[in-house]
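Trainee: I am new to this structure and should be grateful for a close look at a single part of it. Could you please take me through the part and what surrounds it?

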Amino acid sequence: MSTTAFWYASRATGIVALLLLTAVLVLGILVNRQGRRPGRPRFAVTDIHRNLSLLAVTFIALHVLTAVLDSYVHIPLLSAVIPFASGYERLWLGLGAISLDLMIAMIVTSLLRGRLNRVLWRAIHLLAYLCWPVAFAHSIGSSRDLQQGWLLDMAVGCALIVAAAVVWRLAHAARQVPRAGRVAAVFAQHTASTSRSARRTVTR
């Protein structure tokens with residue numbers, strides 16, 4: 001494969017990876033703590049999220065491989081996982097390495113979930129939410145294609161979708177009854193129901 005082909009392949013797989021990471025993040029934001037969306041079975045949401053994540057990882061691996069094979073610039077393979085190790089576009093490629101490291105940590109801890117402390121597992125997965133903004137900054141900074149034209153519009157659209165999902169999740173969380181207040185709410189509802197039943201009995 002020619003250098004030009006690797007160049008195009010690297011950019012194409014990077015753009016697809018950004019779209020897939022956006023879909024993974026948005027789905028992760030929209031699901032509730034039980035791992036499901038209202039009206040959707042848990043296994044369906046879990047399967048979609050896992051498959052999208054695996055597809056994103058595949059395209060990220062292809063993106064890294066084709067970038068390393070592109071001989072137009074020298075990008076060491078280790079710079080894909082060691083931040084700021086590349087002499088070319090050190091900052092932007094360093095951000096890409098950080099994003100990849102976060103994703104690897106998320107995948108490894110998911111595979112070892114049964115052997116890890118739940119608090120540690122959750123902390124790592126919450127940290128993994130940084131993967132998208134770091135990858136987004138890497139994409140915009142390292143690719144002139146995403147800095148103009150319809151690809152810029154696509155990148156802005158991804159950012160707006162993520163922002164909308166975050167706003168929706170925060171609004172949804174604000175509407176939820178705090179856990180401490182749920183017992184009181186259930187008790188009050190039960191008391192009201194009992195009172196209505198008693199009044200009907202007296203009336204009869």
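Mentor: The buried residues of helix 6 are Leu151, Met154, Ala155, Cys158, Val162 and Ala165. Buried means under 20% relative accessible area, exposed over 50% and partly exposed in between, with a 1.4 Å probe and protein chains only. Helices are DSSP runs (H or I, at least four residues), numbered from the N terminus. The model is predicted, so local features need pLDDT of at least 70 and side-chain atom pairs count only at pLDDT 80 or more, while totals for chains, interfaces and linings use all residues. Residues are numbered from 1 along each chain as its sequence is written, and side-chain values use heavy atoms, leaving out hydrogens and water.

Helix 6 contains 27 residues and spans 39 Å from its first C-alpha to its last, close to the expected 39 Å, that is, 1.5 Å times one less than the number of residues.

Met154 leads to the interior. In the largest nonpolar core, which has 25 residues, Met154 is among those touching the most other members, together with Leu18, Leu21, Ile60, Trp132 and Leu146. Such a core is a set of buried Ala, Val, Leu, Ile, Met, Phe, Trp, Tyr and Cys residues joined through side-chain atoms within 4.5 Å. Helix 6 (149-175) supplies at least two of its residues, as do helix 1 (3-30), helix 2 (42-69), helix 3 (90-111) and helix 5 (131-142). Helix 1 gives the largest share, eight residues.

Beyond four places in sequence, Leu21 touches Ala56, Ile60, Met103, Trp132 and Ala135, contact meaning heavy atoms within 4.5 Å.
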